[in-house]
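I opened a new notebook page for this structure. My plan was to look at the strands and then at the aromatic rings.

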Amino acid sequence: MGDEIRASHILVDNEEHAKQIKLDLDRTDKSFAELAKEKSEGPSGDNGGDLGTFGRGKMVPEFEKVAFDLDVDEVSDPVETEFGWHIIKRTE
């Protein structure tokens with residue numbers, strides 16, 4: 001089922017905020033879901049950033065390329081799309 005993945009993200013409105021959150025993920029004990037609930041400005045934040053399962057062509061190209069290139073449990077560096085700055089974690 002390489003055509004579908006499950007991912008979570010943290011969405012913020014600027015690159016500096018996204019970089020700080022990525023540092024927090026790398027340096028603290030907080031889980032991705034905890035930080036998503038605290039920091040994400042997108043509607044999925046309340047759900048720990050979970051976007052559910054999706055296939056190719058369902059997300060904007062910049063997001064999709066990074067998400068599909070990640071290994072399971074890997075977290076991306078900040079990625080810019082038309083919606084803002086994302087930190088993406090592939091969960092399945």
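My entries on the sheet and the rings follow.

**Entry 1: the sheet.** I noted at the start that this is a predicted model. I then looked up the strand order. The model has an open sheet of 4 strands, ordered S2-S1-S4-S3, and the pairing is antiparallel. Strand S2 (50–55) and strand S3 (79–81) sit at the edges, each pairing on one side only. I also checked the twist. Neighbouring strands are turned by 45° against each other on average, direction ignored.

**Entry 2: S1 and S4.** How many bridges join strand S1 and strand S4? I found 6 bridges between S1 (residues 4–12) and S4 (residues 84–90), in the antiparallel sense. I looked up one bridge by residue: Ser-8 has Lys-89 in S4 as its partner. Next came the helix on this sheet. Helix H1 (residues 15–27) packs there and touches S1 and S4. The direction of H1 makes about 25° with that of S4.

**Entry 3: the rings.** I counted 2 aromatic pairs. In one of them, Phe-54 and Phe-63 are tilted, at 6.3 Å centre to centre with 55° between the planes. Both of these residues, Phe-54 and Phe-63, are buried. Why is the pair of Phe-54 and Phe-68 edge-to-face? Their planes stand at 80°, with the centres 6.1 Å apart, so the pair is edge-to-face. This pair links distant parts of the chain, with Phe-54 in strand S2 and Phe-68 in helix H3 (residues 61–69), 14 residues apart. Phe-54 and Phe-68 are both buried.

**Entry 4: around the cluster.** I drew the ring pairs together: they link Phe-54, Phe-63 and Phe-68 into a cluster. I then looked for a charge. Arg-56 lies over the face of Phe-68, at 4.0 Å from the ring centre.

How values were computed:
Residues are numbered from 1 along each chain as its sequence is written. This is a predicted model: local features need pLDDT of at least 70, side-chain atom pairs count only at pLDDT 80 or more; totals for chains, interfaces and linings use all residues. Side-chain values use heavy atoms; hydrogens and water are left out. Two strands pair if DSSP finds at least two bridges between them. Helices (H or I, at least four residues) and strands (E, at least two) are DSSP runs, numbered from the N terminus. Axes are lines fitted to C-alpha atoms, for helices over the stretch in contact, and angles run from 0 to 180 degrees between N-to-C directions. Contact means heavy atoms within 4.5 Å. Rings of Phe, Tyr and Trp (its six-membered ring) pair if their centres lie within 6.5 Å; planes under 30 degrees apart count as stacked, over 60 as edge-to-face and the rest as tilted. Buried means under 20% relative accessible area, exposed over 50%, partly exposed in between (1.4 Å probe, protein chains only). A charge sits over a ring if NZ of Lys or CZ of Arg is within 6 Å of the ring centre and within 35 degrees of the ring normal.
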